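This report goes through one chain, with attention to its helices and the side-chain pairs that link them. The structure is shown first.

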Amino acid sequence: MKYEPSLPQHNDNVIQEHPLKDFLSILIKLAALALLGFFLLGLLVDAVVDRMDASTEASLTQLIADKAAPAPVRGGTREVQLQALVDSLRSCARFTGPATVHLTESDTPNAVVVPGGHIYVFSALLKNVQSENGLAFVLAHEMAHLAHRDHLRALGRGIVLYGLAALISGDTSALAGVLAPVQQLGDASYSRSRESAADARALQVLACRYGHAGGATEFFEALAKGKRDIPGSHYFQSHPAMQARIAALQAAMAQQGIKTGVVTPLAVPR
């Protein structure tokens, strides 16, 4: 009988599968675990924010307000006029908390809220609204974020992300970058729902303040003009697509019987 050498059928020291397959499997499981953890901890953040009293919120936000805020434009009549417009919306918004307006120079048409009850209006926004009503809608939208404490919810989720990175690897700077896309996918739908809720509340405030909702879609129409949304791209964005927001506002107006009317000319200089 002739002997023919051969390798053993099973060898514990030899990997039978390609190592890249194991790497991808581990990466997918890590992403799924991070997404689940982020979702559950995000619910905990919401529960804490909902139960936070005003004094605790004030103490917390005071610690980070100065670091989170953009550089404002000091003084000027435009800032005074913006503050007056916000104050005129308080009654209809049923908002009694702090809402201090700051105007900051920027080529990006936007407005944001930061901890401490601050509303930052980027100067380019004034070029994308045609009436006081359109500007009032944007400011009412930001007031809705303050009322719902959405800025604290977003801050809490950011802390959760870095906490997960530290827990998994002990190095927030390295792993946070890896988990960022997971956080974006998990948080995008949540953020869009908050934006839609703020739009709906702003619509009601506008109708209460002026007796109609004329100008509610001005800002979104200006942003959407000449632009096209990439199909499906809004699923990866924190804000709904502009055309979708316009359609949602128009549908809400029809459903609630809110009429459009003659808008008030914009008095704030651009």
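In this predicted model, Arg153 is found in helix H5, which runs over residues 150–169. Arg153 has a relative accessibility of 5% and therefore counts as buried, the cut-off being under 20%. Its C-alpha atom is 9.8 Å from that of Ser191, although 38 residues separate Arg153 and Ser191 along the chain.

Confidence varies along the chain. The average pLDDT is 76, and 59% of the residues score at least 70. Among the elements, helix H3 (residues 77–93) has the highest mean pLDDT, at 94, while helix H2 (residues 54–68) has the lowest, at 59. Over residues 178–187 pLDDT stays under 50; for this stretch the model has 15 contacts beyond four places in sequence.

**Helices H4 and H8**

Helix H4 (residues 132–148) has 17 residues, and its end C-alpha atoms are 24 Å apart, in agreement with the 24 Å that 1.5 Å a residue should give. Of the 17 residues of H4, 15 are buried, so the helix is mostly covered. Arg149, just after H4, takes a positive phi of about 60°.

Helix H8 (residues 242–256) has 15 residues and reaches 21 Å from its first C-alpha to its last, close to the 21 Å expected. Its buried residues include Met242, Arg245, Ile246, Leu249, Ala252 and Met253. They lie on the same side of H8, because they cover an arc of only 130° around the axis. Ala254 and Gln255, on the other side of H8, are exposed. Gly257 follows just after H8 and takes a positive phi of about 70°.

**Salt bridges**

A search of the whole structure finds 4 salt bridges. Three of them are listed here, each with its closest N to O distance.

| Acidic residue | Basic residue | N to O distance |
|---|---|---|
| Asp87 | Arg90 | 3.5 Å |
| Glu195 | Arg245 | 3.4 Å |
| Asp199 | Arg245 | 2.9 Å |

Asp87 and Arg90 are 3 residues apart in helix H3, which means that about one helical turn separates them. Asp87 is partly exposed, at 37% relative accessibility.

Which helices does the salt bridge between Glu195 and Arg245 join? Glu195 forms this salt bridge with Arg245 at 3.4 Å. Glu195 lies in H6 and Arg245 in H8, so the pair ties together parts that are 50 residues apart in sequence. Both Glu195 and Arg245 are buried.

Asp199 forms a salt bridge with Arg245, with the closest N and O atoms 2.9 Å apart. This pair too runs from helix H6 to helix H8, and so ties together parts 46 residues apart in sequence. Arg245 counts as buried at 5% relative accessibility. Through shared partners, the salt bridges join Glu195, Asp199 and Arg245 into one network.

Asp199 is placed in helix H6 (residues 172–210), and at 5% relative accessibility Asp199 counts as buried. Leaving aside residues up to four places away in sequence, Asp199 touches Phe137, His141, Phe220, Arg245 and Leu249.

**The disulfide**

The count of disulfides comes to 1. Cys92 and Cys208 form this disulfide, with their sulfur atoms 2.2 Å apart. The torsion about the S-S bond is about -70°, so the disulfide is left-handed. Since Cys92 lies in helix H3 and Cys208 in helix H6, the pair ties together parts that are 116 residues apart in sequence. Cys92 is buried, with a relative accessible area of 13%, whereas Cys208 is partly exposed, at 47%.

Terms used:
Residues numbered from 1 in each chain as written. Predicted model: local features only at pLDDT ≥ 70, side-chain atom pairs only at ≥ 80, totals over all residues. Heavy atoms only, no water. Helix = DSSP H or I, 4+ residues; strand = E, 2+ residues; numbered from the N terminus. Buried < 20%, exposed > 50% of the residue type's maximum accessible area, 1.4 Å probe, protein only. Contact = heavy atoms within 4.5 Å. Expected span 1.5 Å × (residues − 1). Arc of directions from axis to C-beta. pLDDT = per-residue confidence, 0-100. Disulfide = S-S within 2.5 Å. Salt bridge = Lys/Arg side-chain N within 4 Å of Asp/Glu carboxyl O.
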